[in-house]
Amino acid sequence: MSELKLVQHVVVPGTFDPITYGHLDVIARARRLFPQVTVAVAASVGKNGTGPVFSLDERVQMIRDTLAESQIVEGVEVLPFTGLLMDFCQEIGAGGVVKGLRAMTDFEYELQQADLNYRLRPGIESIFVMGSPEFGYVSSSIVRELAYLGSDVSFLVPSVVERRLHERFGEPRK
Ligand code: COA
């Protein structure tokens, strides 16, 4: 067996449109496990122009502000990326990708992505953490829908994001 090279630097990738408490939980867990974490924010431009609600810059900034507010700063950076995730990992010298699993429904999709990524770059590990049960039902699209319909979302997203959602969709009904 060739010499083992320990993974020190991992990437937590996603679209983060916007970041939720579920994502924050995964980032914090990744940081507990590894000394260096890069949160990689995908440009994710849809084929027919249906891209994310928030621009890439806005999503990056919301994550940076959220991490600062949550005091998850040391050893964590946030960078935008376009193109293949595996190329990005290689470029920044990361040895693994950390993703959160919320339910069995995530599993099949994640297995497919991990399989494909392995074929692209076998040296880069796919690592999964089980999301905290209290955030099992959270997703960015649920957050966007609730905000759009005038519901309170403070139990799903950090205050930085809550403010941005209200700016975008209006104040929630009392
Ligand atoms: N907590 C809360 N929500 C979570 C979550 C968690 N732990 N993990 C995933 N989600 C939700 C997101 O909120 C999002 O919800 P929505 O669709 O309801 O808005 C959904 O799960 C998908 O998340 P997303 O951030 O879009 O991630 P993804 O798993 O689809 O992967 C990339 C996104 C960027 C990692 C992936 O598309 C990628 O690697 N792109 C680069 C191109 C590439 O390399 N392609 C080949 C990959 S095999």
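The largest cavity in this predicted model is lined by L85, V97, K99, E110, Q113, A114, N117, S126, I127 and F128. About 60 Å³ of space lies inside that cavity, and the structure holds one cavity of 30 Å³ or more. Three elements each give two or more residues to the cavity lining: β4, α4 and β5, the last of these spanning 125–130. Helix α4 has the largest share, with four residues. Sorted by class, the cavity lining divides into five nonpolar, three polar and two charged residues.

Now for the open space. The largest pocket has a volume of about 1,200 Å³. It is lined by 43 residues, and those closest to the pocket centre are P13, G14, T15, K99 and Y109. K99 is worth a second look, since it also appears in the lining of the largest cavity. As for secondary structure, β1, α1, β4 (96–101), α4 and α5 each give two or more residues to the pocket lining. Here too α4 gives the most, this time with seven residues.

What takes up the space of the largest pocket? The ligand does. Its shell is made up of 25 residues, and the closest of them are T15, L85, K99, Y109 and S141. Some of these names are already familiar: T15, K99 and Y109 are among the residues closest to the pocket centre, while L85 and K99 help line the cavity.

Which elements give two or more residues to the shell around the ligand? They are β1 (9–14), α1 (21–33), α4 (104–120) and α5 (140–148). Once again α4 gives the most, with five residues in the shell.

Here's how the three sets of residues break down by class:

| Set of residues | Nonpolar | Polar | Charged |
|---|---|---|---|
| Shell around the ligand | 10 residues | 11 residues | four residues |
| Lining of the largest pocket | 16 residues | 20 residues | seven residues |
| Lining of the largest cavity | five residues | three residues | two residues |

Next, the polar side chains that meet the ligand. A polar side-chain atom of S141 lies 2.3 Å from a ligand oxygen atom. For S139, a polar side-chain atom is found 3.1 Å from an oxygen atom of the ligand. R102 also has a polar side-chain atom facing an oxygen atom of the ligand, at 3.2 Å. How much of the ligand does the protein bury? Taken alone, the ligand exposes 940 Å², and the protein buries 77% of that.

Finally, a stop at the loop between β1 and α1, which is where P18 lies. The peptide bond from D17 to P18 is cis, with omega near 5°. F16 is found in the loop between β1 and α1 as well. Its backbone has a quirk of its own: phi of F16 is near 50°, a positive value in a residue other than glycine. The elements on either side of this loop, β1 and α1, each give two or more residues to the shell around the ligand and to the lining of the largest pocket.

To pull the threads together, α4 is the element to keep in view. It gives the most to the shell around the ligand, the most to the lining of the largest pocket, and the largest share of the lining of the largest cavity.

Note on methods:
Residues are numbered from 1 along each chain as its sequence is written. This is a predicted model: local features need pLDDT of at least 70, side-chain atom pairs count only at pLDDT 80 or more; totals for chains, interfaces and linings use all residues. Side-chain values use heavy atoms; hydrogens and water are left out. A residue is near a molecule or strand if one of its heavy atoms lies within 4 Å of it. A polar contact is a pair of N or O atoms within 3.5 Å; within protein, one must be able to donate a hydrogen and the other to accept it, and residues adjacent in sequence count only if both atoms are side-chain atoms. Accessible areas come from the Shrake-Rupley method with a 1.4 Å probe; for residues, only the protein chains shown count as cover. On a 1 Å grid over the protein atoms alone, a cavity is a set of points where a 1.4 Å probe fits but cannot get out, and a pocket is an open set with protein on both sides within 12 Å along at least five of seven lines; lining residues have an atom within 4 Å of a point. A molecule sits in a cavity or pocket if more than half of its atoms lie within 2 Å of its grid points. Ala, Val, Leu, Ile, Met, Phe, Trp, Tyr, Cys and Pro count as nonpolar, Asp, Glu, Lys and Arg as charged, and the others, Gly among them, as polar. Grid points are joined across faces, edges and corners, and a volume is the space filled by probe spheres set on the points.
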